[in-house]
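Please read the following report with the sequence and the 3D view side by side. Where a technical term comes up, its cut-offs are given once, at its first use.

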Amino acid sequence: MFSYYLRLALLSIKRNPILSGLMITAIALGIGASMTTITINYLMSANPIPEKSQQLFYVQVDSWNPYEAFDEPNEPPNQITWTESQNFMRDATAFRQTAIASSNAVIEPQDQDSKPFMSSIRLAYSDFFSMFNVPFLYGNGWQAAEDNDRALVVVLSRKTNDTLFGGENSVGRTVRIAAKDFKVIGVLDNWEPIPKFYDLTTDEFGSPEDIFMPFTLKEALELNNGGNTNCWKSPEGEGFKSFLLSECVNYQMWVELRSEQEKQDYLNYLHNYVAEQKTMGRFAREQNNRLSDVMQWLKINEVVADDAQIMLWLSLMFLLVCLLNTIGLLLAKFSGKTAEISLRRAVGASKSDLFYQHLVETACIGIAGGIAGLGLALIGLQGIKALYGEFADKVTSLDMNLVIIAIILALVSSIGAGLYPTWRICKIEPASQLKDQ
Amino acid sequence: MLKMHSIKKVFRTDLVETHALNDFNLEVKEGEFVAVTGPSGSGKTTFLNIAGLLETFNQGQYILDNTDVSNLNDNQRSRIRNEKIGFIFQSFNLIPDLNLFDNVDVPLRYRGFNAADRKQRIEQSLERVGLQNRMQHLPSQLSGGQQQRVAIARALAGEPRFLLADEPTGNLDTKMAQSVLELLQEINQQGTTIVMVTHDGSLAAQAKRNVYVRDGKVSELHDVSDNISNVANVVNA
């Protein structure tokens with residue numbers, strides 16, 4: 001019977017093109033607005049590394065001002081000091097760990113015709129690549145020995161490799177960065193975690209850096225600080241070394257812990273570490289150590305902006321208004337079918353037959369509205385992209401999941417809207433309209 | 001075939017209570033062609049709707065084809081309508097955007113016949129009413145008489161044992177009305193029981209039996225074939 005009902009639905013839609021068109025438009029507008037905001041929220045809050053997001057933990061310890069919390073009510077700093085980064089990596093008590101930081105430096109291409117350009121740098125330890133499942137196109141990351149040796153090795157992003165070497169396998173070749181010759185040991189494949197969860201301090205929807213090099217080179221090459229640097233007291237002394245050893249926070253710390261026990265062990269380690277530091281006159285505040293997995297860390301950092309969530313609720317309200325309009329239009333449409341309904345009832349259709357028939361019709365309208373709504377959502381996303389520029393690039397594209405969500409939302413919405421008119425029409429007594437025609 | 005005993009039907013609104021049928025008694029035997037006549041508002045159509053299970057009633061008993069249908073639920077009534085009863089209405093009640101084939105197909109769809117069986121029944125029904133060459137036409141492309149023939153084909157397609165016609169010639173001119181009546185007579189001769197409500201005395205006279213309804217009751221019966229002088233037999237239920 002489904003194919004029969006489908007044919008009847010299409011005939012009915014064709015019979016009342018204006019009413020049907022209005023309903024499809026109403027649903028399309030609601031779906032379009034909703035899907036625009038759902039897409040943004042969905043991409044903003046997506047799990048960027050679902051396969052191990054519960055094993056990766058961001059580390060926070062409270063080295064901040066004893067008289068004032070880093071953030072109210074009693075939040076520890078969102079980054080760690082150079083001292084902690086070195087101590088945590090020296091102790092290396094987690095299964096894997098990496099301190100990371102951002103910086104930048106000038107790259108001088110070997111090609112004399114190409115101009116030097118500024119590139120973004122991710123300073124990391126060797127575990128970074130395995131912890132975050134970073135894909136490689138050529139070569140690999142460096143080893144722990146190269147961390148310790150402060151080796152001048154570098155991993156290039158695919159884009160940088162395209163720029164410097166025309167996309168060829170550049171492993172073994174040399175790149176001049178910050179006036180030093182670096183050996184290329186790896187080239188990343190396409191890697192665009194959304195959001196860029198490993199460093200949320202700036203540009204959480206930005207692309208990964210142009211080049212990756214050992215964290216230990218920060219001190220050796222005196223690479224400048226990227227991202228946000230926050231200090232609660234001034235460095236003691238002058239110069240780069242003094243700045244490194246200050247209480248300023250500019251570094252992020254990630255650990256990979258495979259079990260609850262490992263997590264508990266690491267928390268104990270942090271507790272003992274802070275206690276030890278207290279004896280040395282640091283960490284004047286109460287113990288306030290945190291381990292946040294990836295999704296917790298995204299939530300703490302409010303990666304999904306408040307206004308995006310408000311927009312989501314507003315668009316869902318708009319969808320509701322559109323559906324209320326659709327209910328009115330369906331009532332009008334179905335009221336024109338009372339003679340047919342009576343006839344069908346007279347010749348043997350049960351109420352459930354008619355209910356099913358008309359739900360198929362509303363579902364058809366819903367699917368048409370959903371498809372049109374997807375088109376409107378694409379236009380809406382393009383509008384947001386035009387409004388917000390590069391920032392919105394990564395959160396304004398529809399993937400297959402979102403297309404499916406749109407169709408399901410349209411179907412559920414239209415069937416929901418169709419329930420009352422359908423129920424009402426099924427209550428028509430078969431005898432009521434047959435005599436009057 | 002059809003036996004109604006002391007049927008009472010009351011229509012109620014907030015202000016008015018209308019007794020459409022009151023102590024209504026009637027028996028129609030298998031193979032009969034009964035014409036039901038009576039003045040407007042006498043309860044003819046209400047009787048037909050109850051007979052066709054399109055409406056329920058307040059009191060009494062109704063036996064249709066040896067089944068007491070007085071207390072059936074909506075689904076059971078729908079099934080009996082579909083399997084045992086064919087309807088013909090004054091205004092044809094064809095679905096305007098379905099062609100003749102699909103209009104005749106409507107009751108068969110709810111019967112659960114397979115596609116081949118349905119096709120055969122539709123073609124046979126339309127052939128029976130002389131419209132086998134117009135299966136793809138829309139109702140609007142036909143004359144009134146032809147539309148009523150389609151309605152008859154629709155009623156016959158499921159091979160019902162019982163055909164209910166409510167003023168089947170009411171919208172037709174005399175010639176077309178006679179043609180439709182002859183078709184009904186032919187159908188009746190082939191074994192289908194027919195009850196026809198009509199205002200037209202001359203058409204009623206061509207049925208095998210006449211029933212006169214007044215004030216919601218059967219007041220007179222004429223057996224046309226047996227009683228040419230139209231002697232009335234008052235029914236005492």
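Helix axes are lines fitted to C-alpha atoms over the stretch in contact, and the angles between axes run from 0 to 180 degrees between N-to-C directions. Helices (H or I, at least four residues) and strands (E, at least two) are DSSP runs, numbered from the N terminus. This is a predicted model, in which local features need pLDDT of at least 70 and side-chain atom pairs count only at pLDDT 80 or more, while totals for chains, interfaces and linings use all residues. Residues are numbered from 1 along each chain as its sequence is written, and chains are lettered from A and ligands numbered from 1 in the order in which they are written.

**A pair of helices in chain B**

Helix α5 (residues 144-157) of chain B packs against helix α6 (residues 174-189) of chain B at an angle of about 15°, and their axes are 9 Å apart. Because angles under 35 degrees count as roughly parallel, over 145 as roughly antiparallel, 65 to 115 as roughly perpendicular and the rest as oblique, α5(B) is roughly parallel to α6(B). Their crossing is right-handed, a term used when the near helix is turned clockwise from the far one by less than a right angle, whereas an anticlockwise turn is left-handed. Two residues are in contact if their C-beta atoms, placed from the backbone, lie within 7 Å. Where the two helices meet, α5(B) brings residues including G145(B), Q148(B) and I152(B), and α6(B) brings residues including M176(B), V180(B) and L183(B).

V180(B), in helix α6 of chain B, deserves a separate look. Is V180(B) buried or exposed? A residue is buried if 20 or more other C-beta atoms lie within 10 Å of its own, exposed if 12 or fewer, and partly exposed in between; V180(B) has 23 C-beta neighbours inside 10 Å and therefore counts as buried. Leaving aside its neighbours within four places in sequence, V180(B) is in contact with G145(B), Q148(B), P168(B), T169(B) and L172(B). V180(B) is also 51 residues from V129(B) in sequence, and the two are 9.2 Å apart in space, C-alpha to C-alpha.

**Cores and the meeting of the chains**

A nonpolar core is a set of buried Ala, Val, Leu, Ile, Met, Phe, Trp, Tyr and Cys residues joined through C-beta atoms within 7 Å. The largest such core has 106 residues, and those with the most contacts inside it are I27(A), V36(B), A153(B), L164(B), V195(B) and M196(B). A second, separate core of 67 residues includes F57(A), Y138(A), W254(A) and V274(A).

In helix α2 (residues 74-84) of chain B, the residues R77(B), S78(B), R81(B), N82(B) and K84(B) are buried. Their cover includes α12 (338-346) of chain A, together with β6 (85-89), α3 and β7 (162-166) of chain B. Between the chains, 22 residues of chain B are in contact with 21 residues of chain A. On the side of chain B that touches chain A, α2(B) supplies the largest share, 6 residues.

**Chain A and some backbone details**

Chain A has 14 helices and 11 strands, and buried residues make up 42% of its 437 residues. Among contacts in chain A between residues at least 6 apart in sequence, 77% join residues at least 24 apart.

The table lists two cis peptide bonds of chain A.

| Peptide bond | Omega | Place of the proline |
|---|---|---|
| E72(A) to P73(A), cis | near 0° | P73(A): loop between β1 (56-60) and β2 (80-81) of chain A |
| I194(A) to P195(A), cis | near -5° | P195(A): loop between β8 (180-188) and β9 (211-214) of chain A |

N133(A) has a positive phi of about 50° although it is not a glycine, and with 12 C-beta neighbours inside 10 Å N133(A) counts as exposed. In chain B, D215(B) has phi near 55°, a positive value in a residue other than glycine, and with 14 C-beta neighbours inside 10 Å D215(B) counts as partly exposed.

**Confidence**

The model scores ipTM 0.85 and pTM 0.66. The mean pLDDT (the predictor's confidence in each residue, from 0 to 100) of chain B is 84, and 92% of its residues reach 70 or more. Over residues 226-237 of chain B the pLDDT is below 50, and this stretch has 13 contacts in the model beyond near neighbours in sequence. Where pLDDT is low, the predicted coordinates should not be read in detail.
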